[in-house]
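This briefing concerns the empty space in a protein model and two backbone angles. Please consult the sequence and the structure shown below while reading.

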Amino acid sequence: MSKPVDPDPRRALLDAMDDAAERGGGEERIARQHEAGKLTARERIDLFLDPGTFVEVDKFKTHRSADFGMEKQKIPGDGVVVGHGRVEGRQVFVFAQDFTVFGGSVSRAYAEKICKVMDLALQVGCPVVGLHDSGGARVQEGVEALAGYADVFLRNTLASGVIPQISVILGPCAGGAVYGPAITDFVFMVKGASSMFLNGPEVVRAVTREEVTKEELGGARAHATRSGVAHFAFDTEEATLQAVRELLSFLPLNSADDPPAQPCTDDAGRQDAALKTIVPENPNRPYDIREVVRAVVDDRHLFEVARHFAENVVCGFARLGGRPVGVVGNQPAVLAGVLDSDASVKAARFVRFCDAFEIPLLTFVDVPGFLPGATQEWGGLIRHGAKLLYAYAEATVPKVTVITRRAWGVAYDVMASKHLRADVNLAWPTAEIAVTSPEGAVNVIFRKEISSSADPAAERARLTAEYRERFANPYRAAELGYVDEVLKPEETRPRVIRAFEMLRTKRQENPPRKHGNLPL
(Lines give C-alpha, C1' and ligand atoms only; values in the text may rest on other atoms or scores of the structure.)
Protein backbone atom coordinates (compact mmCIF):
# COMPACT_ATOMS: atom_id res chain seq x y z
CA MET A 1 0.00 0.00 0.00
CA SER A 2 1.53 3.30 -1.14
CA LYS A 3 1.83 6.31 1.15
CA PRO A 4 -0.73 9.08 0.63
CA VAL A 5 0.62 11.98 -1.40
CA ASP A 6 1.02 15.19 0.60
CA PRO A 7 -0.56 18.11 -1.29
CA ASP A 8 2.23 20.48 -0.12
CA PRO A 9 5.01 20.03 -2.75
CA ARG A 10 7.75 20.83 -0.24
CA ARG A 11 6.48 18.19 2.17
CA ALA A 12 5.97 15.79 -0.71
CA LEU A 13 9.61 16.30 -1.74
CA LEU A 14 10.73 15.53 1.82
CA ASP A 15 8.64 12.37 1.82
CA ALA A 16 10.16 11.31 -1.51
CA MET A 17 13.72 11.92 -0.30
CA ASP A 18 13.00 10.04 2.94
CA ASP A 19 11.66 7.14 0.93
CA ALA A 20 14.69 7.14 -1.41
CA ALA A 21 17.11 7.14 1.52
CA GLU A 22 15.28 4.35 3.33
CA ARG A 23 15.11 2.16 0.21
CA GLY A 24 18.91 2.28 -0.07
CA GLY A 25 19.98 0.34 -3.14
CA GLY A 26 16.42 -0.65 -4.01
CA GLU A 27 14.18 -3.65 -3.54
CA GLU A 28 16.23 -5.99 -5.72
CA ARG A 29 19.44 -5.43 -3.77
CA ILE A 30 17.57 -5.61 -0.47
CA ALA A 31 16.18 -8.98 -1.58
CA ARG A 32 19.71 -10.14 -2.41
CA GLN A 33 20.87 -9.06 1.04
CA HIS A 34 18.11 -11.12 2.62
CA GLU A 35 18.86 -14.10 0.37
CA ALA A 36 22.41 -14.02 1.65
CA GLY A 37 21.02 -14.37 5.17
CA LYS A 38 21.87 -10.79 6.10
CA LEU A 39 19.75 -7.94 7.42
CA THR A 40 19.86 -4.45 5.94
CA ALA A 41 21.59 -1.57 7.71
CA ARG A 42 18.31 -0.12 8.96
CA GLU A 43 16.99 -3.48 10.09
CA ARG A 44 20.17 -3.97 12.10
CA ILE A 45 19.84 -0.58 13.76
CA ASP A 46 16.20 -1.30 14.62
CA LEU A 47 17.18 -4.65 16.13
CA PHE A 48 20.08 -3.19 18.10
CA LEU A 49 18.58 -0.01 19.58
CA ASP A 50 15.64 0.42 21.93
CA PRO A 51 12.49 0.69 19.79
CA GLY A 52 11.73 4.17 18.49
CA THR A 53 14.90 5.80 19.81
CA PHE A 54 16.99 6.11 16.64
CA VAL A 55 17.70 9.66 15.47
CA GLU A 56 19.36 9.75 12.05
CA VAL A 57 22.02 12.25 11.00
CA ASP A 58 23.02 13.16 7.42
CA LYS A 59 20.23 11.12 5.91
CA PHE A 60 20.42 12.92 2.56
CA LYS A 61 24.19 13.28 2.21
CA THR A 62 25.63 12.02 -1.10
CA HIS A 63 29.05 11.64 -2.68
CA ARG A 64 30.66 14.43 -4.71
CA SER A 65 32.40 12.28 -7.33
CA ALA A 66 31.97 13.17 -11.02
CA ASP A 67 34.31 10.52 -12.48
CA PHE A 68 33.35 7.25 -14.20
CA GLY A 69 29.71 8.30 -14.46
CA MET A 70 29.29 8.54 -10.68
CA GLU A 71 27.53 11.92 -11.01
CA LYS A 72 24.56 9.96 -12.40
CA GLN A 73 24.56 7.51 -9.49
CA LYS A 74 23.61 9.28 -6.31
CA ILE A 75 21.59 7.70 -3.53
CA PRO A 76 20.65 9.69 -0.40
CA GLY A 77 22.76 8.51 2.49
CA ASP A 78 25.55 7.24 0.20
CA GLY A 79 25.73 3.77 1.71
CA VAL A 80 25.99 4.36 5.46
CA VAL A 81 23.27 5.07 8.04
CA VAL A 82 24.47 7.10 11.05
CA GLY A 83 22.90 8.59 14.15
CA HIS A 84 22.23 7.98 17.82
CA GLY A 85 19.73 6.10 19.94
CA ARG A 86 19.45 4.23 23.21
CA VAL A 87 20.35 0.81 24.58
CA GLU A 88 18.51 -0.01 27.80
CA GLY A 89 17.79 3.71 28.06
CA ARG A 90 21.45 4.79 27.76
CA GLN A 91 22.62 6.83 24.79
CA VAL A 92 24.92 5.37 22.13
CA PHE A 93 26.03 6.49 18.69
CA VAL A 94 25.88 4.08 15.78
CA PHE A 95 26.82 3.78 12.13
CA ALA A 96 25.68 0.94 9.88
CA GLN A 97 27.24 0.29 6.50
CA ASP A 98 24.64 -0.44 3.79
CA PHE A 99 25.85 -3.14 1.41
CA THR A 100 22.89 -2.50 -0.92
CA VAL A 101 24.36 0.89 -1.89
CA PHE A 102 27.56 0.64 -3.94
CA GLY A 103 28.39 -2.54 -2.01
CA GLY A 104 28.79 -0.45 1.14
CA SER A 105 31.98 1.02 -0.34
CA VAL A 106 33.47 4.00 1.47
CA SER A 107 33.55 7.41 -0.21
CA ARG A 108 34.86 10.65 1.28
CA ALA A 109 31.29 11.82 1.99
CA TYR A 110 30.50 8.46 3.59
CA ALA A 111 33.54 8.78 5.86
CA GLU A 112 32.50 12.33 6.76
CA LYS A 113 29.19 10.98 8.04
CA ILE A 114 30.97 8.49 10.30
CA CYS A 115 33.39 11.18 11.49
CA LYS A 116 30.50 13.47 12.36
CA VAL A 117 28.87 10.98 14.75
CA MET A 118 32.24 10.01 16.20
CA ASP A 119 33.01 13.66 16.91
CA LEU A 120 29.61 14.06 18.54
CA ALA A 121 30.10 10.89 20.58
CA LEU A 122 33.46 12.14 21.84
CA GLN A 123 32.03 15.56 22.73
CA VAL A 124 29.03 14.24 24.66
CA GLY A 125 30.82 11.18 26.04
CA CYS A 126 28.91 8.18 24.68
CA PRO A 127 29.92 4.83 23.14
CA VAL A 128 30.16 4.30 19.38
CA VAL A 129 29.02 1.05 17.78
CA GLY A 130 29.95 0.40 14.15
CA LEU A 131 28.02 -2.18 12.11
CA HIS A 132 30.38 -3.17 9.28
CA ASP A 133 29.30 -4.65 5.92
CA SER A 134 31.36 -3.13 3.13
CA GLY A 135 33.24 -4.01 -0.03
CA GLY A 136 36.02 -1.58 0.91
CA ALA A 137 37.13 1.78 -0.45
CA ARG A 138 35.16 3.21 -3.38
CA VAL A 139 37.60 2.70 -6.24
CA GLN A 140 36.07 5.48 -8.35
CA GLU A 141 37.20 8.05 -5.76
CA GLY A 142 40.81 6.93 -5.51
CA VAL A 143 42.82 8.73 -2.86
CA GLU A 144 39.77 10.59 -1.52
CA ALA A 145 38.35 7.28 -0.32
CA LEU A 146 41.67 6.47 1.33
CA ALA A 147 41.67 9.89 2.97
CA GLY A 148 38.20 9.11 4.31
CA TYR A 149 39.45 5.91 5.91
CA ALA A 150 42.33 7.73 7.56
CA ASP A 151 39.96 10.39 8.91
CA VAL A 152 37.98 7.63 10.63
CA PHE A 153 41.12 5.88 11.91
CA LEU A 154 42.33 9.12 13.49
CA ARG A 155 39.07 9.43 15.40
CA ASN A 156 39.23 5.80 16.48
CA THR A 157 42.65 6.56 17.94
CA LEU A 158 41.72 9.82 19.65
CA ALA A 159 38.59 8.28 21.16
CA SER A 160 40.47 5.23 22.48
CA GLY A 161 40.23 5.07 26.24
CA VAL A 162 37.78 8.01 26.31
CA ILE A 163 34.59 6.37 25.04
CA PRO A 164 33.93 2.66 24.44
CA GLN A 165 34.17 1.67 20.77
CA ILE A 166 32.64 -1.57 19.51
CA SER A 167 32.90 -3.02 16.01
CA VAL A 168 30.35 -5.53 14.74
CA ILE A 169 31.42 -7.29 11.54
CA LEU A 170 28.26 -8.45 9.74
CA GLY A 171 29.66 -9.01 6.24
CA PRO A 172 32.93 -8.36 4.45
CA CYS A 173 35.58 -6.09 5.95
CA ALA A 174 38.71 -6.19 3.83
CA GLY A 175 41.89 -4.30 3.03
CA GLY A 176 42.50 -1.08 4.92
CA ALA A 177 38.96 -1.19 6.31
CA VAL A 178 40.08 -3.70 8.92
CA TYR A 179 42.16 -1.16 10.79
CA GLY A 180 39.18 0.78 12.10
CA PRO A 181 37.81 -2.27 13.96
CA ALA A 182 41.34 -3.27 14.99
CA ILE A 183 41.74 -0.02 16.95
CA THR A 184 38.36 -0.34 18.68
CA ASP A 185 37.87 -2.05 22.03
CA PHE A 186 35.83 -5.11 21.05
CA VAL A 187 35.16 -6.90 17.77
CA PHE A 188 32.09 -9.09 17.16
CA MET A 189 31.67 -11.41 14.17
CA VAL A 190 28.98 -13.72 12.77
CA LYS A 191 29.92 -17.28 11.89
CA GLY A 192 29.63 -18.01 8.20
CA ALA A 193 28.78 -14.41 7.27
CA SER A 194 31.62 -12.17 8.48
CA SER A 195 35.12 -11.92 7.11
CA MET A 196 38.15 -9.77 7.83
CA PHE A 197 41.51 -9.79 6.05
CA LEU A 198 44.07 -7.41 4.65
CA ASN A 199 44.67 -9.60 1.60
CA GLY A 200 41.96 -11.89 0.28
CA PRO A 201 42.28 -15.50 -0.92
CA GLU A 202 43.04 -14.42 -4.50
CA VAL A 203 45.95 -12.23 -3.43
CA VAL A 204 47.25 -14.92 -1.11
CA ARG A 205 47.07 -17.47 -3.92
CA ALA A 206 48.90 -15.18 -6.36
CA VAL A 207 51.67 -14.22 -3.96
CA THR A 208 52.26 -17.32 -1.82
CA ARG A 209 50.43 -19.99 -3.85
CA GLU A 210 48.50 -20.97 -0.73
CA GLU A 211 44.99 -22.30 -1.34
CA VAL A 212 42.69 -20.94 1.35
CA THR A 213 39.00 -20.08 1.45
CA LYS A 214 37.62 -16.77 2.62
CA GLU A 215 36.20 -18.45 5.71
CA GLU A 216 39.46 -20.20 6.54
CA LEU A 217 41.49 -17.05 6.00
CA GLY A 218 39.40 -14.46 7.76
CA GLY A 219 36.12 -15.90 8.97
CA ALA A 220 34.68 -15.57 12.46
CA ARG A 221 36.08 -18.89 13.67
CA ALA A 222 39.59 -18.08 12.42
CA HIS A 223 39.66 -14.72 14.18
CA ALA A 224 37.95 -15.92 17.36
CA THR A 225 40.25 -18.93 17.83
CA ARG A 226 43.53 -18.34 16.00
CA SER A 227 44.31 -14.65 15.50
CA GLY A 228 42.44 -13.19 18.48
CA VAL A 229 41.20 -10.30 16.32
CA ALA A 230 37.57 -11.13 17.15
CA HIS A 231 36.51 -11.19 20.80
CA PHE A 232 33.10 -12.70 20.10
CA ALA A 233 31.62 -14.97 17.41
CA PHE A 234 27.94 -15.87 17.23
CA ASP A 235 25.73 -17.91 14.91
CA THR A 236 23.28 -15.15 13.92
CA GLU A 237 23.07 -11.39 13.59
CA GLU A 238 20.30 -11.34 16.18
CA ALA A 239 22.43 -13.14 18.78
CA THR A 240 25.40 -10.91 17.95
CA LEU A 241 23.52 -7.66 18.41
CA GLN A 242 21.92 -8.91 21.62
CA ALA A 243 25.40 -9.69 22.96
CA VAL A 244 26.56 -6.16 22.10
CA ARG A 245 23.66 -4.83 24.15
CA GLU A 246 24.73 -7.02 27.08
CA LEU A 247 28.35 -5.89 26.80
CA LEU A 248 27.25 -2.25 26.95
CA SER A 249 25.37 -2.99 30.20
CA PHE A 250 28.74 -3.47 31.93
CA LEU A 251 30.44 -0.38 30.49
CA PRO A 252 30.34 3.28 31.52
CA LEU A 253 29.36 5.82 28.89
CA ASN A 254 32.86 7.29 29.01
CA SER A 255 36.07 7.26 31.01
CA ALA A 256 34.81 9.91 33.44
CA ASP A 257 31.53 8.09 34.09
CA ASP A 258 30.90 5.35 36.66
CA PRO A 259 30.21 1.80 35.43
CA PRO A 260 26.44 1.19 35.60
CA ALA A 261 25.24 -0.47 38.80
CA GLN A 262 22.20 -2.74 38.79
CA PRO A 263 19.96 -4.00 41.59
CA CYS A 264 21.42 -7.17 43.11
CA THR A 265 19.23 -9.95 44.46
CA ASP A 266 22.14 -12.36 45.05
CA ASP A 267 23.08 -12.35 48.75
CA ALA A 268 26.38 -10.51 49.21
CA GLY A 269 27.13 -12.83 52.14
CA ARG A 270 26.50 -16.00 50.17
CA GLN A 271 29.05 -18.75 50.75
CA ASP A 272 29.42 -21.49 48.15
CA ALA A 273 30.28 -24.83 49.71
CA ALA A 274 31.52 -26.18 46.36
CA LEU A 275 34.61 -23.98 46.70
CA LYS A 276 35.80 -26.04 49.68
CA THR A 277 36.83 -28.91 47.43
CA ILE A 278 37.16 -27.35 43.98
CA VAL A 279 40.98 -27.33 44.12
CA PRO A 280 42.08 -30.98 43.81
CA GLU A 281 44.32 -32.51 46.48
CA ASN A 282 46.64 -33.65 43.71
CA PRO A 283 48.49 -30.44 42.73
CA ASN A 284 48.84 -31.67 39.15
CA ARG A 285 45.14 -32.16 38.53
CA PRO A 286 43.18 -29.44 36.69
CA TYR A 287 39.92 -27.70 37.54
CA ASP A 288 37.87 -25.05 35.76
CA ILE A 289 38.56 -21.52 36.98
CA ARG A 290 35.22 -20.46 35.50
CA GLU A 291 33.49 -22.47 38.23
CA VAL A 292 35.42 -20.49 40.83
CA VAL A 293 34.45 -17.22 39.18
CA ARG A 294 30.79 -18.17 38.89
CA ALA A 295 30.66 -19.23 42.53
CA VAL A 296 31.86 -15.77 43.55
CA VAL A 297 30.09 -13.31 41.22
CA ASP A 298 26.46 -12.21 41.18
CA ASP A 299 23.98 -14.76 39.81
CA ARG A 300 26.88 -16.99 38.73
CA HIS A 301 27.07 -14.98 35.50
CA LEU A 302 30.33 -14.30 33.65
CA PHE A 303 30.22 -12.46 30.31
CA GLU A 304 33.39 -13.91 28.87
CA VAL A 305 35.59 -12.05 26.37
CA ALA A 306 37.65 -13.91 23.73
CA ARG A 307 36.54 -17.24 25.18
CA HIS A 308 38.02 -19.39 22.42
CA PHE A 309 41.36 -17.60 22.03
CA ALA A 310 44.27 -18.21 24.43
CA GLU A 311 42.01 -20.34 26.58
CA ASN A 312 44.69 -20.72 29.27
CA VAL A 313 43.54 -17.37 30.62
CA VAL A 314 39.93 -16.34 31.21
CA CYS A 315 38.79 -12.71 30.88
CA GLY A 316 35.32 -11.28 31.18
CA PHE A 317 32.84 -9.02 32.91
CA ALA A 318 30.72 -9.85 35.93
CA ARG A 319 29.01 -8.05 38.81
CA LEU A 320 29.65 -8.04 42.52
CA GLY A 321 26.93 -6.53 44.65
CA GLY A 322 25.40 -5.20 41.44
CA ARG A 323 28.54 -3.37 40.32
CA PRO A 324 30.58 -4.33 37.24
CA VAL A 325 34.06 -5.80 37.60
CA GLY A 326 36.57 -7.09 35.10
CA VAL A 327 37.67 -10.65 35.85
CA VAL A 328 40.98 -12.23 34.87
CA GLY A 329 41.89 -15.78 35.84
CA ASN A 330 44.51 -18.36 34.94
CA GLN A 331 42.77 -21.49 33.60
CA PRO A 332 44.28 -24.70 35.08
CA ALA A 333 42.11 -26.77 32.71
CA VAL A 334 44.14 -25.52 29.69
CA LEU A 335 47.94 -25.88 29.62
CA ALA A 336 47.83 -25.99 33.42
CA GLY A 337 47.08 -22.24 33.40
CA VAL A 338 50.56 -21.35 32.19
CA LEU A 339 51.05 -17.92 30.62
CA ASP A 340 52.17 -17.83 26.98
CA SER A 341 52.41 -14.98 24.47
CA ASP A 342 48.77 -15.05 23.37
CA ALA A 343 47.40 -15.30 26.90
CA SER A 344 49.61 -12.44 28.06
CA VAL A 345 48.45 -10.14 25.26
CA LYS A 346 44.79 -11.12 25.68
CA ALA A 347 44.83 -10.41 29.41
CA ALA A 348 46.94 -7.25 29.07
CA ARG A 349 44.54 -5.65 26.61
CA PHE A 350 41.58 -6.53 28.80
CA VAL A 351 43.26 -5.12 31.93
CA ARG A 352 44.11 -1.88 30.12
CA PHE A 353 40.54 -1.52 28.87
CA CYS A 354 39.16 -1.94 32.40
CA ASP A 355 41.66 0.55 33.78
CA ALA A 356 40.81 3.11 31.08
CA PHE A 357 37.13 2.94 31.97
CA GLU A 358 37.39 2.70 35.76
CA ILE A 359 36.15 -0.89 35.94
CA PRO A 360 37.64 -2.60 39.03
CA LEU A 361 39.72 -5.73 38.47
CA LEU A 362 39.30 -9.09 40.19
CA THR A 363 42.13 -11.54 39.47
CA PHE A 364 42.21 -15.27 40.24
CA VAL A 365 45.70 -16.75 40.26
CA ASP A 366 46.73 -20.34 39.60
CA VAL A 367 49.82 -20.03 37.43
CA PRO A 368 52.88 -22.30 37.28
CA GLY A 369 54.89 -19.83 35.22
CA PHE A 370 55.50 -18.93 31.59
CA LEU A 371 55.36 -21.55 28.84
CA PRO A 372 58.84 -22.94 28.03
CA GLY A 373 60.04 -23.58 24.50
CA ALA A 374 62.01 -22.13 21.62
CA THR A 375 58.86 -21.22 19.72
CA GLN A 376 57.65 -19.07 22.60
CA GLU A 377 61.04 -17.45 23.23
CA TRP A 378 61.63 -16.69 19.55
CA GLY A 379 58.05 -15.45 19.27
CA GLY A 380 58.71 -12.71 21.84
CA LEU A 381 57.41 -14.23 25.07
CA ILE A 382 59.53 -11.80 27.08
CA ARG A 383 58.03 -8.81 25.28
CA HIS A 384 54.47 -10.16 25.34
CA GLY A 385 54.65 -11.20 28.98
CA ALA A 386 55.94 -7.73 29.82
CA LYS A 387 52.72 -6.28 28.38
CA LEU A 388 50.68 -8.00 31.08
CA LEU A 389 53.12 -6.93 33.78
CA TYR A 390 52.97 -3.36 32.46
CA ALA A 391 49.16 -3.37 32.30
CA TYR A 392 48.72 -4.46 35.91
CA ALA A 393 51.44 -2.14 37.19
CA GLU A 394 49.99 0.83 35.32
CA ALA A 395 46.37 0.20 36.36
CA THR A 396 45.05 2.51 39.08
CA VAL A 397 41.55 1.06 39.40
CA PRO A 398 40.67 -1.00 42.50
CA LYS A 399 42.47 -4.34 42.21
CA VAL A 400 41.65 -7.43 44.26
CA THR A 401 43.62 -10.65 43.81
CA VAL A 402 42.75 -14.17 44.97
CA ILE A 403 45.44 -16.88 44.82
CA THR A 404 43.70 -20.24 44.66
CA ARG A 405 46.66 -22.55 44.12
CA ARG A 406 50.00 -22.05 42.34
CA ALA A 407 51.72 -18.68 42.07
CA TRP A 408 55.20 -19.61 40.99
CA GLY A 409 58.13 -17.59 39.76
CA VAL A 410 57.85 -14.25 38.03
CA ALA A 411 54.31 -15.20 36.99
CA TYR A 412 53.37 -14.58 40.65
CA ASP A 413 54.67 -11.04 40.29
CA VAL A 414 52.90 -10.46 36.98
CA MET A 415 49.44 -11.64 38.06
CA ALA A 416 48.34 -8.58 40.05
CA SER A 417 50.67 -9.15 42.97
CA LYS A 418 50.90 -6.78 45.90
CA HIS A 419 54.17 -5.53 44.40
CA LEU A 420 52.31 -4.23 41.32
CA ARG A 421 50.01 -2.15 43.55
CA ALA A 422 47.15 -4.59 43.96
CA ASP A 423 45.06 -3.22 46.81
CA VAL A 424 43.79 -6.38 48.46
CA ASN A 425 45.59 -9.71 48.03
CA LEU A 426 43.86 -12.81 49.33
CA ALA A 427 44.90 -16.47 49.29
CA TRP A 428 43.26 -19.79 49.94
CA PRO A 429 45.00 -22.32 52.21
CA THR A 430 45.77 -24.31 49.04
CA ALA A 431 47.92 -21.48 47.66
CA GLU A 432 51.56 -22.19 46.86
CA ILE A 433 53.65 -19.02 46.51
CA ALA A 434 57.22 -19.82 45.61
CA VAL A 435 60.06 -19.19 43.18
CA THR A 436 59.41 -22.54 41.53
CA SER A 437 57.60 -25.83 42.12
CA PRO A 438 58.56 -27.92 45.18
CA GLU A 439 60.12 -30.47 42.84
CA GLY A 440 62.14 -27.78 41.08
CA ALA A 441 63.24 -26.19 44.33
CA VAL A 442 64.41 -29.52 45.80
CA ASN A 443 66.40 -30.31 42.67
CA VAL A 444 68.26 -27.02 43.06
CA ILE A 445 68.68 -26.83 46.83
CA PHE A 446 69.37 -30.51 47.59
CA ARG A 447 71.14 -31.57 44.42
CA LYS A 448 74.20 -32.92 46.24
CA GLU A 449 72.19 -34.70 48.94
CA ILE A 450 70.03 -36.44 46.37
CA SER A 451 72.92 -37.49 44.14
CA SER A 452 74.83 -38.96 47.10
CA SER A 453 71.86 -40.82 48.54
CA ALA A 454 71.61 -44.60 48.38
CA ASP A 455 68.09 -44.21 46.97
CA PRO A 456 67.95 -40.86 45.06
CA ALA A 457 64.29 -41.24 44.04
CA ALA A 458 63.12 -41.89 47.60
CA GLU A 459 65.29 -39.08 48.96
CA ARG A 460 63.93 -36.68 46.35
CA ALA A 461 60.36 -37.64 47.24
CA ARG A 462 61.02 -37.18 50.97
CA LEU A 463 62.64 -33.78 50.53
CA THR A 464 59.92 -32.65 48.15
CA ALA A 465 57.22 -33.59 50.68
CA GLU A 466 59.07 -31.69 53.40
CA TYR A 467 59.58 -28.65 51.19
CA ARG A 468 55.93 -28.67 50.11
CA GLU A 469 54.73 -28.80 53.71
CA ARG A 470 57.09 -26.06 54.83
CA PHE A 471 57.10 -23.62 51.92
CA ALA A 472 54.31 -24.46 49.42
CA ASN A 473 51.70 -22.49 51.30
CA PRO A 474 50.54 -18.86 51.60
CA TYR A 475 51.72 -18.22 55.15
CA ARG A 476 55.25 -16.97 54.49
CA ALA A 477 53.79 -14.39 52.06
CA ALA A 478 51.18 -13.50 54.67
CA GLU A 479 53.89 -13.02 57.31
CA LEU A 480 55.57 -10.53 54.98
CA GLY A 481 52.34 -8.67 54.21
CA TYR A 482 52.35 -9.72 50.56
CA VAL A 483 49.06 -11.50 51.20
CA ASP A 484 46.57 -9.54 53.28
CA GLU A 485 44.48 -12.47 54.37
CA VAL A 486 44.35 -16.25 54.07
CA LEU A 487 40.69 -17.17 53.94
CA LYS A 488 38.52 -20.22 53.54
CA PRO A 489 37.48 -20.63 49.89
CA GLU A 490 33.75 -20.48 50.61
CA GLU A 491 34.22 -17.03 52.18
CA THR A 492 35.59 -15.54 48.95
CA ARG A 493 32.42 -13.84 47.66
CA PRO A 494 31.59 -11.83 50.81
CA ARG A 495 35.24 -10.96 51.39
CA VAL A 496 35.78 -9.76 47.82
CA ILE A 497 32.58 -7.71 47.84
CA ARG A 498 33.65 -6.01 51.08
CA ALA A 499 37.05 -5.29 49.57
CA PHE A 500 35.58 -3.57 46.53
CA GLU A 501 33.16 -1.60 48.71
CA MET A 502 36.11 -0.38 50.77
CA LEU A 503 37.97 0.58 47.58
CA ARG A 504 35.09 2.43 45.94
CA THR A 505 36.57 5.83 46.74
CA LYS A 506 40.14 4.86 45.81
CA ARG A 507 42.17 7.60 44.15
CA GLN A 508 45.57 6.86 42.65
CA GLU A 509 47.53 8.59 39.92
CA ASN A 510 50.60 7.70 37.91
CA PRO A 511 53.48 10.18 37.47
CA PRO A 512 52.73 12.98 34.96
CA ARG A 513 53.84 12.07 31.43
CA LYS A 514 52.74 12.24 27.85
CA HIS A 515 52.32 8.45 27.78
CA GLY A 516 54.28 5.38 28.75
CA ASN A 517 56.15 3.17 26.30
CA LEU A 518 54.27 -0.13 26.46
CA PRO A 519 56.51 -2.96 25.14
CA LEU A 520 54.59 -3.41 21.90
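How do the residues of the lining of the second largest cavity divide into nonpolar, polar and charged? They divide into 6 nonpolar, 3 polar and 6 charged, where Ala, Val, Leu, Ile, Met, Phe, Trp, Tyr, Cys and Pro count as nonpolar, Asp, Glu, Lys and Arg as charged, and the others, Gly among them, as polar.

The model is predicted: local features need pLDDT of at least 70, side-chain atom pairs count only at pLDDT 80 or more, and totals for chains, interfaces and linings use all residues. Residues are numbered from 1 along each chain as its sequence is written, and side-chain values use heavy atoms, with hydrogens and water left out.

**Terms for empty space**

- On a 1 Å grid over the protein atoms alone, a cavity is a set of points where a 1.4 Å probe fits but cannot get out, whereas a pocket is an open set with protein on both sides within 12 Å along at least five of seven lines.
- Lining residues have an atom within 4 Å of a point; points are joined across faces, edges and corners, and a volume is the space filled by probe spheres set on them.
- Helices (H or I, at least four residues) and strands (E, at least two) are DSSP runs, numbered from the N terminus.

**Cavities**

- The whole structure holds 3 cavities of 30 Å³ or more.
- The largest cavity encloses about 210 Å³, and its lining comprises 21 residues, with F95, H132, V152, N156 and G180 nearest the centre.
- Two or more lining residues of the largest cavity come from each of β3 (90–97), α4 (108–124), β4 (128–132), α5 (143–159), β5 (165–169) and α6 (179–183); α5 gives the most, with 4 residues.
- The lining of the largest cavity has no charged residues, and consists of 13 nonpolar and 8 polar ones.
- The second largest cavity has about 60 Å³ of space; among its 15 lining residues, A21, P76, G77, V81 and D98 lie nearest its centre.

**Pockets**

- The largest pocket offers about 1,800 Å³ of space, and S160, I183, R349, R352 and L518 are the closest to its centre of the 50 residues that line it.
- Elements that give two or more residues to the lining of the largest pocket are α6, β7 (186–190), β8 (195–197), α9 (220–227), α12 and α14 (381–394).
- Helix α12 supplies the largest share of that lining, 11 residues.
- By class, the largest pocket is lined by 24 nonpolar, 15 polar and 11 charged residues.
- The second largest pocket has a volume of about 620 Å³; of its 24 lining residues, D258, E358, P360, P398 and R504 are the closest to the centre.
- For the second largest pocket, β12 and α20 (492–502) are the elements giving two or more lining residues, and the classes are 11 nonpolar, 4 polar and 9 charged.

**Positive phi outside glycine**

- L335, in the loop between β12 (323–330) and α12 (341–356), has a positive phi of about 55° although it is not a glycine.
- L335 is partly exposed (between 20% and 50% relative accessible area, 1.4 Å probe, protein chains only), with a value of 48%.
- A416, in the loop between α15 (409–414) and β15 (424–427), has a positive phi near 55° and is likewise not a glycine.
- A416 is buried (under 20%), with a relative accessible area of 1%.
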